[in-house]
Amino acid sequence: MPASAQVVSGLRTFAKDVADGFIEITHNGFALLGLAVAFAAILLISRPDLRHSGEAQLRDWLQARQVATLGTPVEPDAVERATATNPTELPKEQAAVAYWLSKKYRVAAEPLAVLVSEAYELGERNQLDPTLILAIMAIESSFNPFAQSSVGAQGLMQVMTRVHTDKYEHFGGQLAAFDPVSNLRVGVKVLKECIARAGSLEGGLRYYVGAANLPNDGGYASKVLAEHARIRQIASRPAPAAAPANPALVAKEAAPSTVAAADVVADGKLLVN
(Lines give C-alpha, C1' and ligand atoms only; values in the text may rest on other atoms or scores of the structure.)
Protein backbone atom coordinates (compact mmCIF):
# COMPACT_ATOMS: atom_id res chain seq x y z
CA MET A 1 0.00 0.00 0.00
CA PRO A 2 1.40 3.34 -0.99
CA ALA A 3 2.39 5.73 1.74
CA SER A 4 -0.32 8.22 0.79
CA ALA A 5 -3.01 5.52 1.10
CA GLN A 6 -1.70 4.59 4.54
CA VAL A 7 -1.92 8.22 5.64
CA VAL A 8 -5.52 8.53 4.42
CA SER A 9 -6.45 5.25 6.12
CA GLY A 10 -4.87 6.41 9.35
CA LEU A 11 -6.76 9.71 9.23
CA ARG A 12 -10.03 7.89 8.63
CA THR A 13 -9.38 5.59 11.56
CA PHE A 14 -8.51 8.56 13.76
CA ALA A 15 -11.65 10.47 12.71
CA LYS A 16 -13.80 7.37 13.36
CA ASP A 17 -12.28 6.91 16.81
CA VAL A 18 -12.85 10.60 17.63
CA ALA A 19 -16.48 10.41 16.44
CA ASP A 20 -17.13 7.21 18.39
CA GLY A 21 -15.55 8.75 21.46
CA PHE A 22 -17.67 11.91 21.12
CA ILE A 23 -20.85 9.85 20.74
CA GLU A 24 -19.94 7.77 23.79
CA ILE A 25 -19.17 10.83 25.88
CA THR A 26 -22.37 12.56 24.73
CA HIS A 27 -24.45 9.46 25.45
CA ASN A 28 -22.97 9.12 28.89
CA GLY A 29 -23.39 12.88 29.50
CA PHE A 30 -27.09 12.77 28.63
CA ALA A 31 -27.50 9.72 30.81
CA LEU A 32 -25.86 11.53 33.72
CA LEU A 33 -27.98 14.64 33.06
CA GLY A 34 -31.13 12.52 33.03
CA LEU A 35 -30.15 10.90 36.31
CA ALA A 36 -29.41 14.31 37.84
CA VAL A 37 -32.80 15.66 36.72
CA ALA A 38 -34.61 12.61 38.05
CA PHE A 39 -32.76 12.85 41.36
CA ALA A 40 -33.55 16.57 41.63
CA ALA A 41 -37.23 15.93 40.86
CA ILE A 42 -37.46 13.21 43.51
CA LEU A 43 -35.72 15.47 46.02
CA LEU A 44 -38.05 18.40 45.34
CA ILE A 45 -41.14 16.19 45.58
CA SER A 46 -40.02 14.73 48.89
CA ARG A 47 -38.87 18.12 50.26
CA PRO A 48 -41.55 20.80 49.67
CA ASP A 49 -39.52 23.29 51.72
CA LEU A 50 -36.65 23.07 49.23
CA ARG A 51 -39.08 23.44 46.35
CA HIS A 52 -40.64 26.57 47.82
CA SER A 53 -37.22 28.01 48.61
CA GLY A 54 -36.07 27.36 45.05
CA GLU A 55 -39.21 28.92 43.61
CA ALA A 56 -38.76 32.01 45.79
CA GLN A 57 -35.13 32.39 44.74
CA LEU A 58 -36.02 31.98 41.07
CA ARG A 59 -38.85 34.50 41.38
CA ASP A 60 -36.57 36.99 43.12
CA TRP A 61 -33.95 36.54 40.41
CA LEU A 62 -36.49 37.09 37.65
CA GLN A 63 -37.87 40.19 39.38
CA ALA A 64 -34.34 41.53 39.82
CA ARG A 65 -33.72 41.01 36.11
CA GLN A 66 -36.97 42.85 35.29
CA VAL A 67 -36.02 45.76 37.54
CA ALA A 68 -32.59 45.93 35.92
CA THR A 69 -34.17 45.89 32.45
CA LEU A 70 -37.16 48.18 33.01
CA GLY A 71 -35.73 50.39 35.76
CA THR A 72 -38.80 49.91 38.01
CA PRO A 73 -40.26 47.03 40.06
CA VAL A 74 -42.97 44.95 38.41
CA GLU A 75 -45.81 43.90 40.73
CA PRO A 76 -48.67 42.13 38.93
CA ASP A 77 -50.51 41.73 42.27
CA ALA A 78 -50.32 45.43 43.18
CA VAL A 79 -53.91 45.91 42.03
CA GLU A 80 -55.04 43.80 44.98
CA ARG A 81 -53.84 46.57 47.33
CA ALA A 82 -55.97 49.18 45.61
CA THR A 83 -59.15 50.36 47.32
CA ALA A 84 -61.17 50.57 44.13
CA THR A 85 -63.91 48.83 42.19
CA ASN A 86 -66.05 49.48 39.15
CA PRO A 87 -69.05 51.64 40.15
CA THR A 88 -71.20 49.98 37.49
CA GLU A 89 -71.04 46.77 39.52
CA LEU A 90 -72.88 48.43 42.43
CA PRO A 91 -76.67 48.51 42.85
CA LYS A 92 -78.14 51.49 40.97
CA GLU A 93 -78.78 53.50 44.14
CA GLN A 94 -75.21 53.09 45.38
CA ALA A 95 -73.75 53.77 41.94
CA ALA A 96 -75.73 57.01 41.69
CA VAL A 97 -74.42 58.13 45.07
CA ALA A 98 -70.83 57.21 44.15
CA TYR A 99 -70.95 59.17 40.88
CA TRP A 100 -72.55 62.19 42.55
CA LEU A 101 -69.96 62.28 45.35
CA SER A 102 -67.20 61.79 42.80
CA LYS A 103 -68.30 64.83 40.84
CA LYS A 104 -68.89 67.03 43.87
CA TYR A 105 -65.69 66.23 45.78
CA ARG A 106 -63.48 65.64 42.73
CA VAL A 107 -62.52 62.15 43.85
CA ALA A 108 -62.30 59.17 41.51
CA ALA A 109 -65.50 57.14 41.35
CA GLU A 110 -63.68 53.79 41.66
CA PRO A 111 -62.40 54.22 45.26
CA LEU A 112 -65.65 55.97 46.19
CA ALA A 113 -67.55 52.91 44.96
CA VAL A 114 -65.76 50.81 47.60
CA LEU A 115 -66.53 53.33 50.34
CA VAL A 116 -70.19 53.64 49.34
CA SER A 117 -70.61 49.87 49.28
CA GLU A 118 -68.90 49.55 52.67
CA ALA A 119 -71.02 52.36 54.13
CA TYR A 120 -74.22 50.61 53.06
CA GLU A 121 -73.02 47.32 54.55
CA LEU A 122 -71.94 48.93 57.82
CA GLY A 123 -75.14 50.95 57.98
CA GLU A 124 -77.29 47.84 57.73
CA ARG A 125 -75.18 46.03 60.31
CA ASN A 126 -75.21 48.92 62.80
CA GLN A 127 -78.73 50.23 62.10
CA LEU A 128 -77.38 53.53 60.79
CA ASP A 129 -78.37 55.35 57.63
CA PRO A 130 -75.50 54.74 55.16
CA THR A 131 -75.97 58.21 53.71
CA LEU A 132 -75.28 59.63 57.19
CA ILE A 133 -71.98 57.73 57.28
CA LEU A 134 -71.08 59.11 53.86
CA ALA A 135 -72.07 62.63 54.96
CA ILE A 136 -69.69 62.45 57.92
CA MET A 137 -66.83 61.37 55.65
CA ALA A 138 -67.68 64.23 53.29
CA ILE A 139 -67.67 66.89 56.02
CA GLU A 140 -64.75 65.46 57.98
CA SER A 141 -62.21 64.74 55.24
CA SER A 142 -63.79 65.37 51.80
CA PHE A 143 -62.95 61.69 51.20
CA ASN A 144 -59.20 62.18 51.71
CA PRO A 145 -57.98 58.97 53.44
CA PHE A 146 -54.75 60.69 54.55
CA ALA A 147 -56.31 63.77 56.10
CA GLN A 148 -55.19 64.86 59.58
CA SER A 149 -56.57 67.66 61.72
CA SER A 150 -54.62 70.03 63.96
CA VAL A 151 -55.67 67.98 67.01
CA GLY A 152 -54.64 64.61 65.54
CA ALA A 153 -57.88 63.27 64.06
CA GLN A 154 -56.92 61.05 61.13
CA GLY A 155 -58.30 59.46 58.00
CA LEU A 156 -61.65 59.45 56.26
CA MET A 157 -63.75 59.63 59.42
CA GLN A 158 -61.20 61.79 61.28
CA VAL A 159 -61.00 59.37 64.19
CA MET A 160 -58.80 60.41 67.12
CA THR A 161 -56.38 57.53 66.64
CA ARG A 162 -54.53 57.97 69.91
CA VAL A 163 -57.83 57.95 71.80
CA HIS A 164 -59.27 54.91 70.04
CA THR A 165 -56.08 52.85 69.82
CA ASP A 166 -57.88 49.76 71.13
CA LYS A 167 -60.30 49.83 68.20
CA TYR A 168 -57.45 49.52 65.74
CA GLU A 169 -55.97 46.43 67.40
CA HIS A 170 -58.16 44.17 65.26
CA PHE A 171 -56.81 45.87 62.14
CA GLY A 172 -53.12 45.46 62.93
CA GLY A 173 -52.39 48.68 64.82
CA GLN A 174 -52.68 52.45 64.63
CA LEU A 175 -51.33 52.75 61.08
CA ALA A 176 -54.57 51.13 59.90
CA ALA A 177 -56.09 54.58 60.45
CA PHE A 178 -54.81 55.37 56.95
CA ASP A 179 -56.43 52.33 55.39
CA PRO A 180 -59.73 53.72 54.08
CA VAL A 181 -61.91 50.71 54.92
CA SER A 182 -60.38 50.18 58.38
CA ASN A 183 -60.79 53.86 59.25
CA LEU A 184 -64.39 53.76 58.04
CA ARG A 185 -65.20 50.73 60.20
CA VAL A 186 -63.63 52.24 63.30
CA GLY A 187 -65.33 55.58 62.65
CA VAL A 188 -68.74 53.93 62.40
CA LYS A 189 -68.12 52.12 65.67
CA VAL A 190 -67.22 55.42 67.36
CA LEU A 191 -70.26 57.13 65.81
CA LYS A 192 -72.61 54.43 67.05
CA GLU A 193 -71.19 54.72 70.57
CA CYS A 194 -71.60 58.52 70.48
CA ILE A 195 -75.23 58.33 69.39
CA ALA A 196 -76.01 55.72 72.04
CA ARG A 197 -74.33 57.86 74.69
CA ALA A 198 -76.15 61.04 73.70
CA GLY A 199 -79.50 59.42 73.05
CA SER A 200 -80.06 61.36 69.80
CA LEU A 201 -78.47 61.82 66.40
CA GLU A 202 -77.63 65.51 66.84
CA GLY A 203 -76.30 64.88 70.34
CA GLY A 204 -74.23 61.99 68.99
CA LEU A 205 -72.71 64.24 66.34
CA ARG A 206 -71.74 66.73 69.04
CA TYR A 207 -69.99 63.93 70.92
CA TYR A 208 -68.37 62.72 67.72
CA VAL A 209 -66.83 66.11 66.97
CA GLY A 210 -65.76 66.55 70.59
CA ALA A 211 -68.15 69.39 71.39
CA ALA A 212 -70.47 67.67 73.87
CA ASN A 213 -69.35 69.92 76.72
CA LEU A 214 -68.97 73.10 74.66
CA PRO A 215 -71.57 75.87 74.19
CA ASN A 216 -71.89 74.94 70.50
CA ASP A 217 -70.34 72.65 67.93
CA GLY A 218 -69.46 75.36 65.43
CA GLY A 219 -72.26 74.28 63.14
CA TYR A 220 -70.83 70.77 62.68
CA ALA A 221 -74.08 68.87 63.23
CA SER A 222 -75.96 71.18 60.88
CA LYS A 223 -73.37 70.68 58.13
CA VAL A 224 -73.47 66.91 58.49
CA LEU A 225 -77.27 66.78 58.51
CA ALA A 226 -77.50 69.07 55.47
CA GLU A 227 -75.08 66.91 53.52
CA HIS A 228 -76.90 63.83 54.77
CA ALA A 229 -80.14 65.19 53.31
CA ARG A 230 -78.48 65.91 49.97
CA ILE A 231 -76.96 62.45 49.68
CA ARG A 232 -80.20 60.79 50.77
CA GLN A 233 -82.03 62.74 48.09
CA ILE A 234 -79.62 61.41 45.46
CA ALA A 235 -80.03 57.88 46.81
CA SER A 236 -83.82 58.05 46.71
CA ARG A 237 -84.02 59.63 43.27
CA PRO A 238 -85.87 57.27 40.90
CA ALA A 239 -84.05 55.96 37.88
CA PRO A 240 -84.91 57.78 34.63
CA ALA A 241 -87.72 56.15 32.65
CA ALA A 242 -86.87 54.50 29.36
CA ALA A 243 -87.74 56.53 26.25
CA PRO A 244 -90.76 55.32 24.19
CA ALA A 245 -89.97 53.41 21.03
CA ASN A 246 -91.88 55.94 18.88
CA PRO A 247 -90.43 59.50 19.27
CA ALA A 248 -93.77 60.95 18.17
CA LEU A 249 -95.31 59.68 21.40
CA VAL A 250 -92.88 61.58 23.60
CA ALA A 251 -94.76 64.23 25.55
CA LYS A 252 -93.33 67.71 25.79
CA GLU A 253 -91.33 67.86 28.99
CA ALA A 254 -91.91 70.60 31.50
CA ALA A 255 -89.05 73.08 31.89
CA PRO A 256 -86.87 71.88 34.81
CA SER A 257 -86.59 74.07 37.86
CA THR A 258 -83.10 75.25 38.72
CA VAL A 259 -83.69 74.70 42.43
CA ALA A 260 -86.13 72.20 43.94
CA ALA A 261 -88.89 73.57 46.13
CA ALA A 262 -87.45 71.79 49.16
CA ASP A 263 -84.07 73.43 48.66
CA VAL A 264 -82.86 76.78 49.89
CA VAL A 265 -79.67 78.68 49.17
CA ALA A 266 -77.60 79.72 52.15
CA ASP A 267 -74.07 81.09 52.26
CA GLY A 268 -73.67 80.39 48.56
CA LYS A 269 -74.37 76.61 48.97
CA LEU A 270 -77.40 74.57 48.05
CA LEU A 271 -79.01 73.20 51.20
CA VAL A 272 -81.91 70.83 51.64
CA ASN A 273 -84.52 71.50 54.32
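**Notebook: salt bridges, a helix pair and a surface patch**

I began with helix α4 and found that the side chains of E121 and R125 meet in a salt bridge, with N and O 2.6 Å apart. Both residues lie in helix α4, four residues apart, which is about one turn of the helix. I noted E121 as partly exposed, because its relative accessible area is 40%. I should record here that I am working from a predicted model.

I then looked up how many salt bridges the structure holds, and the count is five. Another of them pairs R185 with E118, and here the closest N and O atoms are 2.7 Å apart. R185 belongs to helix α6 (residues 180-198) and E118 to helix α4 (residues 109-126), so this pair ties together parts of the chain that are 67 residues apart in sequence. I checked the cover of each partner: R185 is partly exposed at 35% relative accessible area, whereas E118, at 8%, counts as buried, because the cut-off for buried is under 20%.

Next I turned to K167 and E193, whose side chains meet in a salt bridge at 3.4 Å, N to O. This pair also links distant parts of the chain, since K167 sits in the loop between β2 (159-160) and α6, while E193 is in helix α6, 26 residues away. K167 is buried, with a relative accessible area of 11%, and E193 is partly exposed at 37%. I also noted that K104, E227 and R230 are joined into one network by salt bridges that share partners.

I went on to a helix pair, and asked myself at what angle helix α3 and helix α8 pack. Helix α3 (residues 92-105) and helix α8 (residues 220-236) pack at about 135°, and their axes are 8 Å apart. I therefore entered α3 and α8 as oblique to each other, because an angle has to be over 145 degrees to count as roughly antiparallel. The crossing in which α3 passes α8 is right-handed.

My last entry concerns the surface, where L58, W61 and L62 form a nonpolar patch with about 330 Å² of accessible area together. I traced L58 to helix α2 (residues 48-70), and I recorded L58 as partly exposed, its relative accessible area being 49%. I kept to that wording for L58 because exposed requires over 50%.

Technical notes:
Residues numbered from 1 in each chain as written. Predicted model: local features only at pLDDT ≥ 70, side-chain atom pairs only at ≥ 80, totals over all residues. Heavy atoms only, no water. Patch = residues over 30% accessible without salt bridge, like charges linked within 9 Å, V, L, I, M, F, W, Y side chains within 5 Å. Areas by Shrake-Rupley, 256 points an atom, 1.4 Å probe, with all protein chains shown as cover. Salt bridge = Lys/Arg side-chain N within 4 Å of Asp/Glu carboxyl O. Helix = DSSP H or I, 4+ residues; strand = E, 2+ residues; numbered from the N terminus. Buried < 20%, exposed > 50% of the residue type's maximum accessible area, 1.4 Å probe, protein only. Axes fitted to C-alpha atoms, helices over the stretch in contact; angles between N-to-C directions. Parallel < 35°, antiparallel > 145°, perpendicular 65-115°, else oblique. Left-handed = near helix turned anticlockwise from the far one by under 90°.
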